[in-house]
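Trainee: Could you take me through one part of this protein slowly, and show me how that part sits within the whole? I would like a single connected answer.

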Amino acid sequence: MSDKQEPNGKASATNITDQERDLAQQALAEYEKKNYKSCLEHLQRIEESRPNDPKVLLNKAIVEFYESGLCTADKFQKSFIDVCKQVELNLEQLDSLEDVENCIYYYNYAVFLYHLKHYTKALAMINKVYSFIESLEESLAHKVCLLIVQLHIDTNKHAEALKLITYIESQFVSTDNATNILTGSADQGCPIHTETEKTEKKANLDAATDAFRVSLIQYRVRCLMELNLFDECSQQLNTIKEKQDSITMFLIGKLEYLRGNHKEALEILKEIPVKDDFIETGECSSVLINNNVACLYHYAKKPTLSFTSIYKAIVQHQKNIIDVTKPTQVAEGSLSGQPLHIIGASIKTELMFNLGISLLHARKPEEAFDCLIEAVQTYHMNPRLWLRLAECCIMTHKKSNDRDFDFKKPYIEGVVGSGKHRKIILKSQLFPDTKYSCEAVSASIPMPSLEFGSLCIRNAVLLIQNDTIDCSPSHTPINTPHKDYLFGCIQSAGAYIALCLGDPVVALKYSQELLKSDKINKVHKFLGHLYAAEALILSDKPNEAIDILKESNAFDDIEPEIHEQLRTEQWKPDKQKSAKAVLYYNLAVALTLRGDLDKAGELLKQIWLSKIEHVSVPVHVVILALYIHLRLGK
């Protein structure tokens with residue numbers, strides 16, 4: 001909120017008495033001391049003689065708001081709008097702001113909207129105020145500058161924010177220019193100051209602008225980080241390293257994190273002092289530190305430590321929120337009960353998102369699903385978040401496919417008879433849980449099921465088609481290579497879920513969309529061929545499946561980086577030769593269905609020879625080989 005202003009309404013600005021002026025000065029002094037009750041008493045005495053002065057009414061509304069601990073936002077908003085109506089200001093119509101004296105109203109309301117996270121609306125309002133920046137009083141001008149830069153960052157306009165910072169520094173941080181503004185040496189008709197007065201004013205200027213200068217540098221570093229200009233970040237941080245405040249240390253730690261220096265970032269985080277200032281600032285350093293430490297553990301591939309750390313952050317954050325929440329009556333409004341800066345300061349959703357990702361990587365899909373389903377209620381336009389929910393459903397259905405390549409598992413049910421009458425009884429199916437579910441499960445029920453996973457994939461497919469992809473809560477936009485990779489992940493996951501649900505038509509559609517793209521990586525293209533072939537086989541089209549599999553040559557040049565990633569995910573095939581064996585097995589199945597048993601048998605021999613070289617091959621090869629031998633009468 002703005003600092004206290006002297007009551008000087010347009011209609012009676014020239015009729016201020018000495019007593020009223022003294023009361024206004026006393027009220028300002030009490031306000032700055034945070035003695036809001038005493039300040040309000042002085043304002044009420046002024047109001048008795050100036051009942052219709054809008055500045056008095058505005059100040060009274062602000063002080064009452066502060067006296068309540070900023071917990072009566074609904075009441076303040078009503079009082080504020082009433083004052084604006086009295087001076088004939090319509091906050092919804094920005095063109096109505098024509099007088100610099102009225103900028104204070106728009107600034108205050110922009111701050112109010114900012115705390116409610118209405119960033120776009122607040123930015124439009126503060127942009128209008130910024131057009132009067134050269135005519136504003138210096139302290140207010142500084143606040144307007146910082147707010148407009150913050151709102152540009154919050155709306156992901158980092159390049160524009162950098163331009164603003166450069167201009168603001170030239171106007172308000174440059175010592176010579178700012179000195180002229182403060183002392184009035186650049187204006188004609190101003191009082192003549194002695195050298196002593198000028199020296200004192202310049203000293204005050206240096207102290208006042210130093211914090212403003214540091215804030216602008218910190219904002220510049222944040223923008224440069226988002227634009228991946230890390231060298232310039234280092235240069236800027238070197239100019240304020242001596243400050244060693246928590247914000248600067250967080251920025252230094254984040255820079256090391258973005259550069260991949262996770263150990264250095266962790267050491268910096270450990271040096272940041274823990275302060276319990278949540279009530280004052282809406283931020284808790286222990287919560288931020290635990291969250292950042294969790295991110296570092298995540299990228300160090302230590303998911304258990306990651307979700308442990310993020311869980312500590314959530315517990316502390318929830319405790320902070322409970323401590324500052326006051327019981328309210330229903331009539332007080334939905335914005336009452338918490339301080340204004342706390343209403344928009346809740347980061348529980350972001351923390352739940354991080355916790356869900358950590359749990360998913362820790363192979364705890366059910367717990368991850370519960371966290372991510374809460375996050376998706378806020379970030380429902382993020383296709384990557386819908387994909388993560390689908391992955392939770394897939395992992396719940398099947399956490400690993402190691403058993404598909406494990407020859408130690410018996411596939412013989414038993415043996416009957418003896419001698420030439422000895423018979424081997426094979427299991428009716430290799431695994432007991434491979435049948436399609438016959439239960440009617442609604443896809444609209446949020447639960448980690450394949451049915452709900454298919455709905456998540458449909459949402460992701462629709463959202464990724466947008467020109468601008470929402471990546472919230474992440475501030476880093478999704479570039480073209482990441483979008484192509486995300487597209488491959490979504491389509492391949494959709495095909496897999498459809499096959500598991502016994503829907504070959506939908507699976508084929510996802511696979512064909514995947515194979516149409518020439519920008520997907522080799523692993524996704526490989527999966528596209530496998531899933532398309534399986535869908536065609538289930539549709540009783542073995543000839544088309546054979547053509548699809550013969551076209552596939554993705555396994556010949558799967559990048560080492562990609563199949564290294566497959567190893568970390570504990571999913572097979574994780575090697576090029578193993579991928580080739582899986583492809584040959586699928587081709588052998590299609591050939592068998594078409595009646596080319598000899599060709600199928602030759603492929604199985606090649607697969608079995610690769611197993612001798614310690615290559616993982618699917619156990620289904622044995623059952624298929626037995627079937628072919630029986631069909632050939634061997």
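Mentor: A residue is called buried when its relative accessible area is under 20%, exposed when that value is over 50%, and partly exposed in between. With that in hand, and keeping in mind that this is a predicted model, we can say that buried residues make up 46% of the 634 residues in the protein. The protein has 29 helices and two strands, and the part I would like us to look at closely is helix α24, which covers residues 522–538.

Helix α24 has 17 residues, and the distance from its first C-alpha to its last is 24 Å, which is close to the 24 Å expected at 1.5 Å a residue. The helix is mostly covered, with twelve of its 17 residues buried. Among the buried ones, you can find V523, H524 and F526, and further along the helix the buried residues include H529, L530, Y531, A532 and A533, while A535, L536 and I537 are buried as well.

Now look at the two ends. At the N-terminal end, N521 acts as a cap for α24, placing a side-chain oxygen 3.1 Å from the backbone nitrogen of V523; V523 is itself one of the buried residues of the helix. Just after α24, D540 takes a positive phi of about 60°.

To see how the same terms apply elsewhere, compare three residues in other elements. H42 is found in helix α2, residues 36–49, and H42 counts as buried because its relative accessibility is 14%, which is under the 20% cut-off. Leaving out residues up to four places away in sequence, H42 touches L23, Q26, A27 and E30. K599, which lies in helix α28, residues 597–612, counts as exposed because its relative accessibility is 51%, and the cut-off there is over 50%. L426 belongs to strand β2, and with a relative accessible area of 35% L426 is partly exposed.

L426 also leads us to the surface, where it joins I412, V415, I424 and L626 in a nonpolar patch with about 400 Å² of accessible area together. Strands β1 (412–416) and β2 (423–426) each supply at least two residues of that patch. For the protein, the accessible surface comes to about 33,600 Å², and 52% of it belongs to carbon and sulfur atoms.

Conventions:
Residues are numbered from 1 along each chain as its sequence is written. This is a predicted model: local features need pLDDT of at least 70, side-chain atom pairs count only at pLDDT 80 or more; totals for chains, interfaces and linings use all residues. Side-chain values use heavy atoms; hydrogens and water are left out. Patches are made of residues with over 30% relative accessible area and no salt bridge: like charges are joined within 9 Å, nonpolar side chains (Val, Leu, Ile, Met, Phe, Trp, Tyr) within 5 Å. Accessible areas come from the Shrake-Rupley method with a 1.4 Å probe; for residues, only the protein chains shown count as cover. A salt bridge is a side-chain nitrogen of Lys or Arg within 4 Å of a carboxyl oxygen of Asp or Glu. Helices (H or I, at least four residues) and strands (E, at least two) are DSSP runs, numbered from the N terminus. Buried means under 20% relative accessible area, exposed over 50%, partly exposed in between (1.4 Å probe, protein chains only). Contact means heavy atoms within 4.5 Å. The expected span of a helix is 1.5 Å times one less than its number of residues. A polar contact is a pair of N or O atoms within 3.5 Å; within protein, one must be able to donate a hydrogen and the other to accept it, and residues adjacent in sequence count only if both atoms are side-chain atoms.
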